Amino acid sequence: MTIPRDPTLDNSLALLREGYTFIGNRCQRYRTDAFETRLMLRNAVCAVGEDAAKMFYHPGRFTRKMAMPPTAAMLLQDMGSAMMRDGEAHRVRKQMFLSVLMPESVQRLVSIAERHWLARIDDWRGRDHVVLQEEAERILCAAVCEWAGVPLTEAGAAQRTLEFAMMIDGAGSVGPRSWKAMMLRSRNEDWMRSVVESVRAGHFSVPPGCAIDAVVSHRDADGSLLDTKVAAVEIINLLRPTVAVARYITFSALALHDHPESREWLASGDEDALECFVQEVRRFYPFFPLIGGNVIEPFDWRGRHFAKGDWVLLDMFGTNHDPRIWEAPHQFRPERFRRWNGSAYNFIPQGGGDVRTTHRCPGETTTIELTKMAVRMLTTLMRYQVPQQNLRISLSRMPAIPASRFIISNVERMASASQPPTATRAAARSHTA
């Protein structure tokens with residue numbers, strides 16, 4: 001099998017215009033799951049599907065360095081981060097993240113976020129309407145900073161939330177949205193560097209073992225401490241992705257609105273049902289469209305030799321909607337995950353492969369658990385109405401989001417919401433519609 005080539009001189013504008021469907025459109029046109037093209041005046045191989053994900057996430061085969069537009073790389077990771085490292089250097093830095101995100105630590109973050117959410121409900125009750133996306137970002141920012149041991153004053157919370165939110169929102173764009181995000185990223189790094197310097201100088205103490213303590217005391221493969229800039233970058237790389245979970249929370253609210261039968265399914269308190277619902281939200285709705293890598297270990301695939309430096313783009317959105325993998329992929333069917341085989345390559349909203357040895361996101365479990373917490377809130381601990389609004393999701397906008405950011409109104413606290421946060425899960429299990 002040969003990999004066809006798209007004859008267009010350069011497809012950069014087409015990628016911006018078509019967004020999430022760019023790779024899929026051409027795979028359908030050429031009846032293939034891989035094709036060659038030019039993007040940003042550079043040759044690229046675009047691929048989709050489980051076999052492509054296995055090729056892409058083969059350990060040691062690709063580097064993320066210079067594999068995405070510079071603004072996207074800086075807004076989502078930045079230079080010196082774990083994602084930009086390879087081999088043993090990557091493994092050791094990745095282990096730092098995995099040690100911070102152990103199950104008990106993730107559960108503590110979820111409990112803190114739950115407490116912040118419950119505290120916000122009373123404020124929402126007195127307002128004409130609430131933009132859920134913005135509120136979820138605020139809750140997650142406050143929660144993850146508290147969890148990580150990062151000082152965050154009430155006055156500074158709005159600014160930090162804006163900075164993290166804009167980093168995410170500007171990562172897939174060009175022009176003013178990206179420029180504003182880069183400016184806010186710079187401001188955020190200045191703040192975080194001052195935090196790192198203050199911790200190391202002993203100007204304030206942090207709880208032993210908390211995320212900021214783990215980062216500022218981490219030693220890389222060569223035995224050296226992270227310099228101040230890199231330490232700041234890695235703390236941001238714990239905080240910003242947590243705020244990004246707000247998008248999955250917004251998509252979950254949209255799914256509950258578009259598929260009200262799911263509320264009945266979830267009201268039983270069945271944890272498996274909740275897991276299936278959240279996984280289907282992650283599969284069905286558009287998060288980030290693709291991931292890029294540059295070859296560092298030459299290999300052959302589909303009759304083509306991939307030399308060092310070759311650029312490959314994996315279609316994450318397309319793989320999650322691949323009809324060879326998913327029956328009726330463009331229908332929202334949470335029950336499909338009761339039968340999912342658990343493959344690390346056919347469901348890749350946050351990457352594929354073994355999280356310990358590849359560049360798969362180490363915060364995937366955190367994403368799932370925080371989204372489950374939010375769904376419990378939306379289905380068992382609060383009532384609200386969804387006024388008329390523009391809920392359209394443009395697949396040319398990267399990252400995608402409903403145009404209105406999901407507005408709710410007439411928010412009321414349910415009786416079970418008066419229980420302390422530690423009782424919330426039990427309340428969700430016992431609640432009946």
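In this short talk I will go from the overall form of the chain to one helix and then to a few paired strands.

Please keep in mind that what we have is a predicted model. Its secondary structure comes to 16 helices and 10 strands, and the C-alpha atoms fill a box of roughly 60 × 55 × 40 Å along the principal axes. For 433 residues, a compact globule would have a radius of gyration near 22 Å, and because the chain has 22 Å, it agrees with that expectation. Buried residues make up 57% of the 433 residues, while the chain exposes about 18,300 Å², of which carbon and sulfur atoms supply 54%. If we take contacts between residues at least 6 apart in sequence, 73% of them join residues at least 24 apart.

Let us now turn to helix α5, residues 87-100. At 1.5 Å a residue, its 14 residues should span 20 Å, and the end C-alpha atoms are 20 Å apart, so the two values agree. Which residues of α5 are buried? They are H90, V92, R93, K94, M96, F97, L98 and V100, and what covers them includes α6 (103-125), α7 (132-148), α10 (211-216) and α11 (228-258).

Finally, I come to the strands, where β10, residues 407-413, has two pairings to show you. With strand β4, residues 130-131, β10 pairs in the antiparallel sense over two bridges, and V131 stands opposite I407 of β10. Strand β9, residues 382-385, also runs antiparallel to β10, joined to it by three bridges, and here R383 has E412 in β10 as its bridge partner.

Notes:
Residues numbered from 1 in each chain as written. Predicted model: local features only at pLDDT ≥ 70, side-chain atom pairs only at ≥ 80, totals over all residues. Heavy atoms only, no water. Helix = DSSP H or I, 4+ residues; strand = E, 2+ residues; numbered from the N terminus. Expected span 1.5 Å × (residues − 1). Buried < 20%, exposed > 50% of the residue type's maximum accessible area, 1.4 Å probe, protein only. Contact = heavy atoms within 4.5 Å. Pairing = 2+ DSSP bridges. Rg over C-alpha atoms; globule rule 2.2 N^0.38 Å. Areas by Shrake-Rupley, 256 points an atom, 1.4 Å probe, with all protein chains shown as cover.
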